[in-house]
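The exercises below are meant for a reader who meets this structure now, and each task is followed by a solution in steps. Please look at the sequence and the 3D view before starting.

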Amino acid sequence: TPDSYLLVRCWDGVPPTPDELEVAASFAAERYKKKGGGILVHCAHGRGRSTTVMCACMVKAGLCETWEEAFEICRSKRKVVKLNSNMRSCLTRWQEMQRRKK
């Protein structure tokens with residue numbers, strides 16, 4: 001159904017903007033809480049862009065306090081995940097936006 005799929009367009013190695021990350025994280029967290037799990041986040045290679053979004057989703061859903069904590073969990077489950085400096089910067093900016101909202 002249309003309300004169960006969200007496309008965030010971004011090039012390989014380029015993370016979504018903090019605002020796009022917020023849209024994706026909110027979308028996934030809302031569905032996670034409503035359905036009790038079962039969220040799929042993917043990109044072409046499954047290493048960077050999807051991990052960036054998943055880290056934000058985990059924080060937004062209340063599963064982790066920080067994106068760094070979420071990243072460590074992702075890395076413990078999938079060894080090939082990695083975040084380049086742009087992805088880390090985007091997550092840091094997004095996280096700062098979240099803290100200002102509180």
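K60 is partly exposed, with a relative accessible area of 26%, where buried means under 20% relative accessible area, exposed over 50%, and partly exposed in between (1.4 Å probe, protein chains only). The model is a predicted one, in which local features need pLDDT of at least 70 and side-chain atom pairs count only at pLDDT 80 or more, while totals for chains, interfaces and linings use all residues. Residues are numbered from 1 along each chain as its sequence is written, and side-chain values use heavy atoms, with hydrogens and water left out.

**Exercise 1. Describe the overall fold and its dimensions.**

Step 1. Begin with the secondary structure: the protein has four helices and zero strands, and these elements are DSSP runs numbered from the N terminus (helices: H or I, at least four residues; strands: E, at least two). Read along the sequence, the pattern is α-α-α-α.

Step 2. Turn next to the dimensions, where the C-alpha trace spans about 30 × 30 × 25 Å along its principal axes. A compact globule of 102 residues would have a radius of gyration near 13 Å, and the protein, with 12 Å, agrees with this; the radius is taken over C-alpha atoms, and the globule rule is 2.2 Å times the number of residues to the power 0.38.

Step 3. Finish with burial and contacts: buried residues make up 40% of the 102 residues. Of the contacts (heavy atoms within 4.5 Å) between residues at least 6 apart in sequence, 64% join residues at least 24 apart.

**Exercise 2. Trace the salt bridges of E22 and find which residues they link.**

Step 1. Recall the general idea that side chains of opposite charge can pair when their charged atoms come close. A salt bridge is here a side-chain nitrogen of Lys or Arg within 4 Å of a carboxyl oxygen of Asp or Glu, and the structure holds five of them.

Step 2. Take the pair of E22 and K60, whose side chains meet in a salt bridge at 2.6 Å, N to O. This pair links distant parts of the chain, with E22 in helix α1 and K60 in helix α2, 38 residues apart.

Step 3. Take then the salt bridge of E22 with K101, in which the closest N and O atoms are 3.5 Å apart. Here E22 in helix α1 is joined to K101 in helix α4 (residues 85–101), and 79 residues separate the two in sequence.

Step 4. Put the pairs together: E22, K60 and K101 are linked in a network of salt bridges. Within this network E22 is buried, with a relative accessible area of 11%, whereas K101, at 54%, counts as exposed.

**Exercise 3. Is R49 buried or exposed, and with which residue does its side chain form a salt bridge?**

Step 1. R49 is buried, its relative accessible area being 12%.

Step 2. The side chain of R49 meets that of D12 in a salt bridge of 2.5 Å, N to O. R49 lies in helix α2 (residues 49–60) and D12 in the segment before α1 (18–35), so the pair links distant parts of the chain, 37 residues apart.

**Exercise 4. Describe the surroundings of A25.**

Step 1. A25 has its place in helix α1 and is buried, with a relative accessible area of 0%.

Step 2. Leaving aside neighbours within four places in sequence, A25 is in contact with A56, C57, K60 and W94.
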